[in-house]
Amino acid sequence: MNTEKLMRMAGAVRTGGKGTMRRKKKAVHKTTTTDDKRLQSTLKRIGVNAIPAIEEVNIFMDDVVIQFVNPKVQASIAANTWVVSGSPQMKKLQDILPNIINQLGPDNLDNLRKLAEQFQKQAPAAGAGANMAQEDDDVIPELVSGETFEAAAEEGQKAAAS
């Protein structure tokens with residue numbers, strides 16, 4: 001062992017000079033429960049109240065919907081704060097739209113019409129591209145009489161060798 005290297009390592013651990021105790025490093029593990037307690041105490045300070053009997057929460061973002069099923073919902077109207085906790089699921093708007101139509105009010109129906117028009121504009125463009133690809137796949141080239149794959153491969157190897 002290299003004694004000089006060991007002395008340097010031992011010197012880095014000491015808190016004082018020669019003859020003092022080595023520092024005792026205690027690993028501090030931070031648990032998630034402390035974060036939860038801190039969050040709950042902050043929410044209590046704001047004055048949030050639990051809102052019972054909410055089956056579903058949907059958060060709309062462009063084409064994606066974040067959906068919480070049976071979440072824990074807390075709210076503070078005075079602080080303009082809503083807390084939704086639970087397991088989220090990312091879903092596309094098209095997948096969730098049939099289930100939420102009956103939940104929309106009259107003011108949101110106009111927004112729904114706009115979304116439907118956007119989807120209709122996008123759908124024909126996507127459908128046309130899919131049909132073109134399908135037509136290209138259906139076309140099968142005619143076979144050349146007297147020519148086989150093996151013969152073409154041999155000719156290709158001869159051409160590559162020369």
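Helices here are DSSP runs of H or I with at least four residues, strands are E runs of at least two, and both are numbered from the N terminus. The model is predicted.

**Exercise 1. Work out how many helices and strands the chain has, and in what order they run.**

Step 1: count the elements. The chain has 5 helices and 6 strands.
Step 2: walk from the N terminus. The order reads α-α-β-β-β-β-β-β-α-α-α.

**Exercise 2. Find the strand order of the open sheet of 3 strands, and say which strands stand at the edges.**

Step 1: get the order. The open sheet runs S1-S4-S5, with antiparallel pairing.
Step 2: look for strands with a single partner. Those are S1 (49-51) and S5 (81-85), so each has one side left without a neighbour in the sheet.
Step 3: check the twist. From one strand to the next, it averages 30°.
Step 4: zoom in on one pair. S4 (residues 72-76) and S5 run antiparallel and are joined by 5 bridges. Across from Ala-75 you'll find Trp-82 in S5.
As background, strands of a sheet pair through backbone hydrogen bonds, either parallel or antiparallel.

**Exercise 3. List the residues of the largest nonpolar core and say which helix gives the largest share.**

Step 1: grab the members. There are 7 residues: Val-65, Leu-93, Ile-96, Leu-97, Ile-100, Leu-112 and Phe-119.
Step 2: sort them by helix. H3 (93-100) and H4 (106-138) each supply at least two of these residues, and the largest share, 4 residues, comes from H3.
Step 3: pick one member and list what it touches. Leaving out residues up to four places away in sequence, Val-65 is in contact with Asn-58, Ile-59, Phe-60, Gln-89, Met-90, Lys-91, Leu-93 and Ile-96. Two of those, Leu-93 and Ile-96, are core members themselves.

**Exercise 4. Check whether the span of helix H5 agrees with its number of residues, and say how covered the helix is.**

Step 1: set up the expectation. H5 covers residues 149-161, which is 13 residues, and at 1.5 Å a residue it should span 18 Å. The rule multiplies 1.5 Å by one less than the number of residues.
Step 2: compare. The end C-alpha atoms of H5 are 18 Å apart, which agrees.
Step 3: look at burial, taken as under 20% relative accessible area. The count of buried residues in H5 is 0, so to speak a helix that is hardly covered.

**Exercise 5. Say what percentage of the chain is buried, and how much area it exposes.**

Step 1: of the 162 residues, 13% count as buried.
Step 2: the exposed area is about 14,100 Å², with 56% of it supplied by carbon and sulfur atoms.
Step 3: for contacts with a separation of 6 or more, 41% come from residues 24 or more positions apart.

Methods:
Residues are numbered from 1 along each chain as its sequence is written. This is a predicted model: local features need pLDDT of at least 70, side-chain atom pairs count only at pLDDT 80 or more; totals for chains, interfaces and linings use all residues. Side-chain values use heavy atoms; hydrogens and water are left out. Buried means under 20% relative accessible area, exposed over 50%, partly exposed in between (1.4 Å probe, protein chains only). Two strands pair if DSSP finds at least two bridges between them. Axes are lines fitted to C-alpha atoms, for helices over the stretch in contact, and angles run from 0 to 180 degrees between N-to-C directions. Contact means heavy atoms within 4.5 Å. Accessible areas come from the Shrake-Rupley method with a 1.4 Å probe; for residues, only the protein chains shown count as cover. A nonpolar core is a set of buried Ala, Val, Leu, Ile, Met, Phe, Trp, Tyr and Cys residues joined through side-chain atoms within 4.5 Å.
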